[in-house]
Amino acid sequence: KLQYIKYNMKKIAGVRFKKPCKLYFFDQCNFDIKVGDYVIVETSMGKELGKVTVANREVDESKLDKPIKKIEKIATKEDLKHQTENAKKEKEAFELCNKKIKEHNLKMHLVEARYLLDNSKLIFYFTAEGRVDFRNLVKDLAAVYRTRIELRQIGVRDETKIKGGIGICGRSLCCNTFLSEFVPVSIKMAKEQNLSLNPTKISGVCGRLMCCLKNEQDTYEYLNSKLPNVGDEVKTNTGVKGVVHEVSVLRQRVKLVVTDEKGEKELVDYKVDDLIFRPRKRREKVKMDDELKKLEAMEKKERKSKL
């Protein structure tokens, strides 16, 4: 007998609140929503206006980890106008807060001021090397704006994501254009790709390791796994033995030091497919020099993203 399973399908929509921001899904309810529409939703911070980037997607409600929040309504012209007015007020709040920070002589760098749609909360994002006692600052700001004031300390990566800029590649920063979340980046990736361990060469505008190191990591790991290690003794398919002097990861070629019939050594270039050896995981041969220690200290100092 055929068994019919009834699925409780829910129509959801993906909403972004800023261009490089993470995509959040909400219950579309019975609204006729199209990609590009602006909607108002209730988030953990309060009511916010976001842009729909995914619409009319159906999912089985039983497969959702937790109940998702509903879209309250499609934004009206008045809502969009109010959002534009908030943007103007945010600039004024930013300037005033900077002035107050100097008055209180606080060691903090203001990054952004942000109003919620209903003006129920005004959030200031800042960076600082350590903890900052900003209680008096909050009191001054609350007295001026008469709304809930919140100060959030963020990391330098978040600051760069908000402000944007141009990378060493000459293009707009990934985090400010399309990268919705920060991916873990380690020094091992730079070593795997045979990059210079000079901090100025592998660090981004934020001073941390470049996010793009992650983009080619899987490819390099795969290609490196097919190559012998420098210093290994290998044999060619013609029976010639030699010691690996240098490897070209992308070209998949190996330079061997071989001994000719006269007993003289010479450097010969081979394709990796012409060599016979036992593939094994590449060994880490870079010593823990001063530059490497600086990079590791820099990674430990980096705070977890709070945006």
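## Close-up views of a predicted model

Of the 307 residues of the protein, 37% count as buried. The structure shown here is a predicted model, and the protein in it has eight helices and 13 strands. About 20100 Å² of the protein is exposed, and carbon and sulfur atoms supply 50% of that area. Among contacts between residues at least 6 apart in sequence, 60% join residues at least 24 apart.

**View 1. An open sheet of five strands is ordered β2-β1-β4-β3-β5.** The strands of this open sheet follow the order given in the title, and their pairing is antiparallel. At the edges stand β2 (24-27) and β5 (71-74), each of which has a single partner strand, so one side of each is left without a neighbour in the sheet. Neighbouring strands of this sheet are turned by 50° against each other on average when direction is ignored. Within the sheet, β3 (residues 38-42) and β4 (residues 47-60) pair in the antiparallel sense over five bridges, and Y38 has K51 in β4 as its bridge partner. Helix α1 lies across β3, β4 and β5, and its direction makes an angle of about 130° with β4.

**View 2. Three strands form a second open sheet, in the order β6-β7-β8.** The pairing in this three-stranded open sheet is mixed: β6 and β7 pair in the antiparallel sense over six bridges, whereas β7 and β8 pair in the parallel sense, over six bridges. The edges are taken by β6 and β8, each with a single partner strand, so one side of each is left without a neighbour in the sheet. On average, and with direction ignored, neighbouring strands of this sheet are turned by 20° against each other.

**View 3. Residue pairs and connections link β7 to the strands beside it.** On the antiparallel side, L110 has F126 in β7 as its bridge partner, and the hairpin of β6 and β7 has five residues between the strands, with N119 taking a positive phi near 60°. On the parallel side, the bridge partner of L122 is I149 in β8. From β7 the chain crosses through α2 to β8, and this β-α-β crossover is right-handed. K121, for its part, stands opposite R148 in β8.

**View 4. Strand β7 is covered on both faces.** Seven of the seven residues of β7 are buried, so the strand is largely enclosed by the rest of the structure. In a regular strand, side chains alternate between the two faces of the sheet. In β7, K121, I123, Y125 and T127 lie on one side, while L122, F124 and F126 lie on the other, and all of these residues are buried. Two helices can be followed against this part of the sheet: α1 lies across β6 and β7, running at about 145° to β6, and α3 (residues 156-163) also lies across β6 and β7, running at about 55° to β6.

**View 5. T127 is a buried residue of strand β7.** T127 has its place in β7, and because its relative accessibility is 10%, which falls under the 20% limit, T127 counts as buried. When its neighbours within four places in sequence are left aside, T127 is in contact with M108, H109, V111, I154, G155 and E159.

**View 6. The largest nonpolar core has 17 residues.** In soluble globular proteins, nonpolar side chains tend to be buried together. Of the 17 residues in the largest nonpolar core here, M108, F124, L137 and L151 touch the most other members. At least two residues of this core come from each of α1 (77-103), β6 (109-115), β7 (121-127), α2 (135-145) and β8 (148-153). Another core, of 13 residues, lies apart from this one and includes V249, L256, Y270 and L275.

**View 7. L137 touches residues from several places along the chain.** This view centres on L137, one of the residues that touch the most other members of the largest nonpolar core. When the neighbours of L137 within four places in sequence are set aside, L137 is in contact with C97, K100, I101, H104, L106, M108 and L151.

Methods. Residues are numbered from 1 along each chain as its sequence is written. This is a predicted model: local features need pLDDT of at least 70, side-chain atom pairs count only at pLDDT 80 or more; totals for chains, interfaces and linings use all residues. Side-chain values use heavy atoms; hydrogens and water are left out. A nonpolar core is a set of buried Ala, Val, Leu, Ile, Met, Phe, Trp, Tyr and Cys residues joined through side-chain atoms within 4.5 Å. Buried means under 20% relative accessible area, exposed over 50%, partly exposed in between (1.4 Å probe, protein chains only). Helices (H or I, at least four residues) and strands (E, at least two) are DSSP runs, numbered from the N terminus. Contact means heavy atoms within 4.5 Å. Accessible areas come from the Shrake-Rupley method with a 1.4 Å probe; for residues, only the protein chains shown count as cover. Two strands pair if DSSP finds at least two bridges between them. Axes are lines fitted to C-alpha atoms, for helices over the stretch in contact, and angles run from 0 to 180 degrees between N-to-C directions. A crossover is right-handed if, with the strands pointing away from the viewer, the path from the first strand over the helix to the second runs clockwise.
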